[in-house]
Amino acid sequence: MQINVKIKRYNPEADARPYWAEYKLEARGSDRVLDVINHLKWEVDGTLAFRRSCAHGICGSDAMLINGVNRLACKVLVKDLGERITIEPIRGLPVLKDLIVDMEPFFDAYKAVMPFFINDDPPPPAERYQSAEDRAIFDETTKCILCAACTTSCPVFWTNGRYLGPAAIVNAHRFIFDSRDQGAAERLGVLNQANGLWRCRTAYNCTEACPRDIPITRVIEEVKRALLWRGA
Amino acid sequence: MSEDGTNRLMNRAHRFDVIVVGAGGAGLMAARYAAQHPGVSVAVISKLYPTRSHTGAAQGGVGAALGNVSEDHPEWHAFDTIKGGDYLTDQDVAERFAVEVIEAVYELEHMGLPFNRTPEGKIAQRKFGGHTREFGKSAVERACYAADRTGHMILQTLYQQSIKDRVNFFNEFHVLDMIMEDGACHGVVAYELATGEIHTFHAKATIIATGGNGRMFRVTSNAHALTGDLMSIAYRRGLPIEDPEFYQFHPTGLYKLGVLLTEGARGEGAILRNGDGERFMERYAPTIKDLAPRDMVSRAMYLEVREGRGAGPDKDYLHLDLTHIDAHIIETRLPDITEFARIYLGVDPVKELVPIQPTAHYAMGGIPTTIDTQVISDGQNTIVPGLYAAGEVACASIHGANRLGTNSLGDLIVFGRRAGIEAAKFAASESFTDLPAGVQDRTRELVDTVRKGKRTERVSHLRRELQDTMQEHASVFRTEAFLSRQVDILRELQERYKGVGVEDEGHQFNTELLEAIELGFLLDNAEQLVHAALNRTESRGAHSREDHKERDDTEWLKHTLIYKDGDGVRIDYKPVTLGKYEPKPRTY
């Protein structure tokens, strides 16, 4: 089928400001959007810049705003979008070139919640035990691939870039609810600060944007309750 | 970075005791252990953000004889690895691996890795291809897993720990050369994607952990980034590549796309069926059937298709059948692959058969190393001072002629750890030597050549021709005629590669430039594989020659070492380290 693709382009070495470029091309319904932009880069305009690696929704490189929704370009097919496809960089992070944004602020927020296992007891010679039920409590939040689709869909983040954002909260949840971890109080302390958890206005955009189907809004509510009940 | 010219120049030279190239499982494990050595400075350089590394795509599990579900022993694991490798595995390496991988798995758990759990709360384990009890009697639960995203969990856990350990990262820095002088390595030269600047990384010890090269084939499970960069750079720098002819095709890639569906699916009971609905593996491996090693299953699939028993309108694929498995097990233990089938093929594995075909997956060969991950330069095990390699890019050789499922993740953690320890020990005992003059010259020349290229050839077209012809001539089955033809094709592609260039003249995020350079790396990787495959006139493991169908232990129980020699290649050999297990015919 013939499709019409509009891409928001910006080359810092040549353009004063971003502009829309339009391309008409043949595509199959089963093509991923990543296949479409690869085709454009390889056959039409080599200067088109975007990140990609695994091409099947695992590495988290290619989150983009596609037809108004944050998604991974490798996980959405042409047939699910129709003949008109609009692609922009994800919002709220500085655009560096075309669809490439500066990910450093995103990773800084992630690092702020201490996204690593904390347990200072000497480990046993074999594994620490954990029941299947305890393991299941934080299963959803172990799926995060740090693609930033959630954080950059959040209206609070758009207006306040210092808000830690849903991805950081998801990764805090992954440890706060792990029965083996001892760092919950410290993490809750970070989340209790001015640009932490309470900035969430339950817009639900994050949940809808997550390519890993993590129920992010629910996760954020669980952390809010933990903060209320356990204190920080 | 300062705008001041002098400072910019200074900033482009870096010095660390240990440099790790690659931020997947092996690289992050290496960095962690190197950094634990008192007083040793460490940095990781990666062309991607660390969490984009392809370790994250590994699904099924990491094999370790914990015995949590049923009795198991490292001796059984070592034997399975050696037999799975069709006796090309170095047996001392396999024996040590099978012991150390147990410690390494516990260590990952201590770092917080969220494994699935048994009812008692231990690490859950499931069956996987080629892993058996009592030296081949029946399948054993050895794969420690976290749903079907074990690699994702390993990558995330190690990256999380690296944040805790405050490891230095240079993300989106693309290594384009190694600094070699007098047979020793003194670091690397890298291109910074964001700026186009070239940086020198001076190191006492350099660890290569850059993964595989599957993008030389058309249908592959590998990420776009897996272009064998360091295997090519080492080769251009005069080092050999070991056993490149042994390349694994994973049986269950999604039809046409090659996206991986874990062998763990068959570990949970899934069955392979041909177009007639027959469970054809019963004919090829009567004892362990669908859980036979990958090389055997992929060959069986090719034969089914060739003999007209494929499925679909063109009878060119087969089916993975999960429909008899409890839907709850599918959704909880195999959620990701279930989603892949639904999204990409519109097929629901709970109710429908999934179309599959073998997909290019894993390089058993690579940069040759000792059991302690030191890179060697010849068949006499001459060590290259200051250079280490671990993970898929390396060849210790643990996987021999065919890797068993789950042993890739085991390899990363066992040999990544060892590389970190060994490199730090070496660095702590050495002092920095002066870098050779013109240390960036080769890199600048490489970049300038592509930048100023005539553009008479398109990178994407050459790459597609490379991938198509490699798939046709050098994949699951091989013959002298096809391989010789591929030698000619590669020579022609190398020639035409001189005509590539780029439209993008910019310096910031010039991904077009790097794709062009990566194609040059891929061409070298293909050259290594095809020449070595043509040279080896026997069938062993993943290397299956239709004109030499038998394994020939008299002539070929040895490792290939292939070197670049002017415009051609030179092939040498290295003996296989044997041990307890006498080479026997390989039946399952």
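Mentor: Two strands count as paired if DSSP finds at least two bridges between them; strands (E, at least two residues) and helices (H or I, at least four residues) are DSSP runs, numbered from the N terminus. This is a predicted model, in which local features need pLDDT of at least 70, side-chain atom pairs count only at pLDDT 80 or more, and totals for chains, interfaces and linings use all residues. Residues are numbered from 1 along each chain as its sequence is written, chains are lettered from A and ligands numbered from 1 in the order in which they are written, and side-chain values use heavy atoms, with hydrogens and water left out.

Trainee: What makes strand 21 and strand 22 of chain B a pair?

Mentor: Strand 21 (residues 558-565) and strand 22 of chain B are joined in the antiparallel sense over 8 bridges, which satisfies the requirement of at least two, so they are a pair. One of the bridges sets Lys558(B) against Pro575(B) in strand 22 of chain B. The hairpin of these two strands has 2 residues between them, and Gly566(B) takes a positive phi near 60° there.

Trainee: How do you know that strand 3 of chain B is paired with strand 5 of chain B?

Mentor: Antiparallel strand 3 and strand 5 (residues 138-144) of chain B share 2 bridges, so the condition of at least two is met. Cys144(B), in strand 5 of chain B, is the bridge partner of Val62(B). The open sheet to which they belong has 3 strands of chain B in the order 3-5-4, with antiparallel pairing.

Trainee: Why does one side of strand 3 and of strand 4 of chain B lack a neighbour in the sheet?

Mentor: Strand 3 (62-63) and strand 4 (125-133) of chain B are edge strands with a single partner strand each, so each has one side without a neighbour in the sheet. Helix 3 (residues 74-84) of chain B packs on this sheet, touching strand 3, strand 4 and strand 5 of chain B, where touching means contact (heavy atoms within 4.5 Å). The direction of helix 3 makes about 60° with that of strand 4 of chain B.

Trainee: Which strands are the edges of the sheet in the order 11-14-13-12 of chain B?

Mentor: That open sheet has 4 strands with antiparallel pairing, and strand 11 (247-254) and strand 12 (271-273) of chain B each pair on one side only. Inside the sheet, strand 13 (residues 318-321) and strand 14 (residues 354-363) of chain B are joined by 3 bridges, one of them between His319(B) and Pro355(B). Helix 11 of chain B packs on the sheet, touching strand 11 and strand 14 of chain B.

Trainee: Why is the link between Arg586(B) and Asp86(B) called a salt bridge?

Mentor: The closest N and O atoms are 3.7 Å apart; a salt bridge is a side-chain nitrogen of Lys or Arg within 4 Å of a carboxyl oxygen of Asp or Glu, so this pair qualifies. Arg586(B) lies in the segment after strand 22 (568-575) of chain B and Asp86(B) in the loop between helix 3 and helix 4, 500 residues apart.

Trainee: How many salt bridges join chain B and chain A?

Mentor: There are 7 between chain B and chain A, among them Asp504(B) with Lys97(A), whose closest N and O atoms are 2.8 Å apart. Helix 5 of chain B gives the most to the side of chain B that touches chain A, with 8 residues. By class, that side has 20 nonpolar, 20 polar and 16 charged residues.

Trainee: How many residues of each chain are in contact across the interface?

Mentor: The contacts link 56 residues of chain B with 67 residues of chain A.

Trainee: What makes Asp182(B) and the bond joining Ala396(B) and Ser397(B) worth noting?

Mentor: Most residues other than glycine have a negative phi, and most peptide bonds are trans. Asp182(B) is not glycine, yet its phi is positive, near 50°; Asp182(B) is in the loop between strand 7 (173-181) and strand 8 (184-192) of chain B. A cis peptide bond, with omega about 0°, joins Ala396(B) and Ser397(B). Ser397(B) lies in the loop between strand 18 (394-395) and helix 12 (407-429) of chain B.

Conventions
Axes fitted to C-alpha atoms, helices over the stretch in contact; angles between N-to-C directions. Nonpolar A, V, L, I, M, F, W, Y, C, P; charged D, E, K, R; others polar.
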